[in-house]
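Open the model in your viewer and keep the selection box handy. We will go from a whole chain down to single residues.

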Amino acid sequence: MSAGTTKLNVTVTDVVAVNELVKRFHFERTDGGDLPTFSGGAHVVVEMRDGDKSRLNPYSLMSSPHNTRDYTISVRRDDSGRGGSLFMHNHVKRGMEMVISYPVNLFSLDLRARKHLLVAGGIGITPFMAQTAQLAGEGGNFELHYTCRTPALGTYADVLHDRYGKRVNIYYDDTNERLPLERLLASQPLGTHLYVCGPAGMIRWVRETAAAHGWPDETVHYEHFAAPQPGLPFDVTLALSKLQISVGEEQSLLEAMEAAGIDPPYLCRGGVCGQCETNVVSYDGTFKHNDHWLTEAEHCSGKKIMPCVSRFEGKSLVLER
Amino acid sequence: MPAKTILSRPVYGTLSPQTGKNHLFIADAEGAAAILDLAKKAPDGFFASAHIMFIPEMAGNQFQTALRTLKPAQFYEGPSVAAALPRLRQTLANAHMGLRLYLTGSEGLIGQAMQVALEAGIDHSSIQTEHRGSWARRVQCVHCKGITENVTTQPATCAHCGLLLLVRDHYSRRLAAFQGVCINAEDPSEIPQKEEIFR
């Protein structure tokens, strides 16, 4: 078992099709008790047993942190992804027992902020569902700006609008509505914190624009789970465990280690938390770094790799594991 | 620069121009020289969106002309830190994100201006600081909670309750003061020699 990832046995109590791409899943404890408390922005890692394959995917909790009877997550179907979302959509049914991790928050609100400016793109809305519920319950000052493709695909746009009225601003791509980012950033009172969750390009745009407008790094929060990218298969020697393993095309290095019975620490499985950081003993080839954890210098040094999302191409790779 | 003795003891840097929409400088006495040094590294037009609040204290009139030559959008000269703080509070209450804050001069000035900035919701790590001039300390007596300004000796006498205090490096950002603890609680007749060490 990995550090900080104590498991919970849960039962799926409901599966709701939200729109053509998104399904919502409700989990309650199989033993009937309350679930652990969490804060807005937290995620759980859902274990999926798909035949002989096992998948561990992180999903943001979107239910209110004030309710620990059940947890809910929303999953957007990705037909060209590695299969986790398809498994959730096609195989997970009401009544099924599953295993999820304790909640972990790598995208928490800074409650010292005078105001919270929340920016979501697409399915990146999910952590904000929980954060807005938390803030609204505590009388927090927030404003949500949400871009989605079309009204039909605007997941929870209607719910949010009903709950929070003018505090929610929605922009639809199909009618060319644009998030007025520059104006928003220029007009926030001192002490505002900015949160962004959405596609990688949107996160980059928001972070760069905020930096150019003089927003200190400490006030800009973002969450980007990079799903592990597929790539060429490669072989790895694990020096401490004295094992030789192969990483498949669709598998991450972390998953390959787990399949070989090694249990490296992890929290996010998306290249952001830093838990699975692994030292490189020697290598002959090229790293394909996909994480947001290591610095540019560390990426170039050839001394570290984040096995949850990063890959390798070349003759040999020896890791300290 | 003092050695980092314990975690809370503030460590100051060197001012450098930040990316921002507006720039607010607060300086006392020799802190003015840090602003003038920053100006040498600043891009053209930087001070057109700057506001300088200057408290000359013992420096008299030696910096005002040079500071005004930077052509800041606003220049304020105040008689004391205490008089400048309400003005700072008001300025921050009306400010927007994109304002960058630069504090320079004595520890007391940096600490008190930072205290006001923290109350306005600015994270301490996004504030630029540079120490210049006096190392005199603001000290809170942990017994009576009174604050004594401009403490230069070790030990120091609490201006409120009269206890003889060991001035610690333990610093409170919330109070903008170092902590002073009675040095002779066991035997009040024991009176250690005062030495002037915070100059």
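Here is a short tour, one selection at a time.

This is a predicted model, in which local features need pLDDT of at least 70, side-chain atom pairs count only at pLDDT 80 or more, and totals for chains, interfaces and linings use all residues. Residues are numbered from 1 along each chain as its sequence is written, while chains are lettered from A and ligands numbered from 1 in the order in which they are written.

**Stop 1: chain A.** Select chain A and colour it by secondary structure: there are seven helices and 17 strands (DSSP runs, H or I of at least four residues for helices and E of at least two for strands, numbered from the N terminus). Turn it around, and the C-alpha trace spans about 60 × 50 × 35 Å along its principal axes.

**Stop 2: its domains.** Now colour 7–105, 115–223 and 234–319 separately for domains 1, 2 and 3 of chain A; such bounds come from an automatic or database domain assignment. The C-alpha centres of domain 2 and domain 3 of chain A are 33 Å apart.

**Stop 3: strand 6 of chain B.** Select residues 137–141 of chain B. Is this strand buried or exposed? Five of its five residues are buried, so strand 6 of chain B is largely enclosed by the rest of the structure (buried means 20 or more other C-beta atoms within 10 Å of a residue's own, with C-beta atoms placed from the backbone). Show side chains: B:Arg137, B:Val139 and B:Cys141 point one way, B:Arg138 and B:Gln140 the other.

**Stop 4: the neighbours.** Add residues 147–151, strand 7 of chain B, which runs antiparallel to strand 6 of chain B and is joined to it by three bridges. Look for B:Gln140 opposite B:Ile147. Finally, add residues 177–182, strand 11 of chain B, which runs parallel to strand 6 of chain B; there B:Gly180 is the bridge partner of B:Cys141.

Notes. A residue is buried if 20 or more other C-beta atoms lie within 10 Å of its own, exposed if 12 or fewer, and partly exposed in between; C-beta atoms are placed from the backbone. Two strands pair if DSSP finds at least two bridges between them.
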